[in-house]
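Me: I'm new to this structure and would like to learn how to read it. Could you walk me through a few features, one at a time?

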Amino acid sequence: GQSRPVRDDLLDTAPHGHVDLDRGLVVSCNAYFAQLAQSIGPQAVLDAASLFQISVARTPTTAGLRSMLAHVGYGQGEAVVTPLKLARVSAAIAAGGAIVPVRWEPASAGAARDDTRFLPRRDAERLARAMRGVVTTGTGRSLRAHPVAIAGKTGTAEIGGAPAHAWFTGFAPAGGTGRRLAFAVLVENAGYGGRAAAPIAGAIVSAASELGLIK
């Protein structure tokens, strides 16, 4: 029902075939998430985004989002997010679906928690496994050999009149039960997230591991 086509990257030449949520994350399939957004509808997208104060439409109503819903589903359209807000999404997934409040504090201080929940634990664990798959077999596999198990999601955010922004968000160590690090890396006008942003995230995780900030 929209005139603007949904495409995957020009360098993504292998057909994705039948794609579910897990596979869609691993191969970063724009078409899957466009259809998912259309299926769940604008209110569900607005509700989820509002938990992290993420803007998905200039007019944040169902009517204001509907015309761009398919493209917002894979992070395009009028979706706008800061690295900190995106890192909070990854942190919520790592925390079993619970939203971790933002506090500026020394690394040694314990972060307060509240009861706000983004996802049921089972769903968060499913996303966490898929994000690990992004690194082991998908678009983030430049970090596959990293000594710390990283879970993440690449992003290539197209903008008008300039090269796309490169994104990589996630957490480490994946599958751990100790202290973990959530991150979001944005490299402006650098192109593919898996190429430009993911290696920087790997360096951040390495530094955090050396400093004993993650276990």
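Me: Let's begin at the surface. Which residues make the nonpolar surface patch?
Reply: Keep in mind that this is a predicted model. The patch is made by Leu84, Val102 and Trp104, and its area is about 380 Å².

Me: Where is Val102 found?
Reply: Look at the loop that runs between helix H6 (83-94) and helix H7 (121-137); Val102 is found there. With a relative accessible area of 38%, Val102 is partly exposed.

Me: Now the strands, please. How do I read a strand, and in which sense do E1 and E2 pair?
Reply: The general idea is that side chains in a regular strand alternate between the two faces of the sheet. Here, strand E1 (residues 151-159) pairs with E2 in the antiparallel sense, over eight bridges. To follow one of these contacts, start at Ala157 and go to its bridge partner in E2, His165. The two strands form a hairpin with two residues between them. In that turn, Gly161 has a positive phi of about 75 degrees.

Me: How many bridges join E2 to strand E3?
Reply: Seven bridges join them, and E2 and E3 (residues 181-187) run antiparallel. As an example, Phe168 has Val185 as its bridge partner in E3.

Me: Is strand E2 largely enclosed or open?
Reply: Nine of the eleven residues of E2 (residues 162-172) are buried, so this strand is largely enclosed by the rest of the structure.

Me: What describes a pair of aromatic rings?
Reply: Two values do: the distance of the centres and the angle of the planes. This structure holds three aromatic pairs. One of them is edge-to-face: Phe52 and Phe118, at 4.9 Å centre to centre with 85 degrees between the planes.

Me: Where do Phe52 and Phe118 sit along the chain?
Reply: Phe52 is in the loop between helix H3 (42-50) and helix H4 (62-66), while Phe118 is in the loop between H6 and H7. They are 66 residues apart, and the pair links distant parts of the chain. Phe52 counts as buried at 2% relative accessibility, whereas Phe118, at 22%, counts as partly exposed.

Me: And what kind of pair do Phe168 and Phe183 form?
Reply: That one is stacked, with 5.8 Å centre to centre and 20 degrees between the planes. Phe168 lies in strand E2 and Phe183 in strand E3, so the pair ties together parts that are 15 residues apart in sequence. Both Phe168 and Phe183 are buried.

How values were computed:
Residues are numbered from 1 along each chain as its sequence is written. This is a predicted model: local features need pLDDT of at least 70, side-chain atom pairs count only at pLDDT 80 or more; totals for chains, interfaces and linings use all residues. Side-chain values use heavy atoms; hydrogens and water are left out. Patches are made of residues with over 30% relative accessible area and no salt bridge: like charges are joined within 9 Å, nonpolar side chains (Val, Leu, Ile, Met, Phe, Trp, Tyr) within 5 Å. Accessible areas come from the Shrake-Rupley method with a 1.4 Å probe; for residues, only the protein chains shown count as cover. A salt bridge is a side-chain nitrogen of Lys or Arg within 4 Å of a carboxyl oxygen of Asp or Glu. Helices (H or I, at least four residues) and strands (E, at least two) are DSSP runs, numbered from the N terminus. Buried means under 20% relative accessible area, exposed over 50%, partly exposed in between (1.4 Å probe, protein chains only). Two strands pair if DSSP finds at least two bridges between them. Rings of Phe, Tyr and Trp (its six-membered ring) pair if their centres lie within 6.5 Å; planes under 30 degrees apart count as stacked, over 60 as edge-to-face and the rest as tilted.
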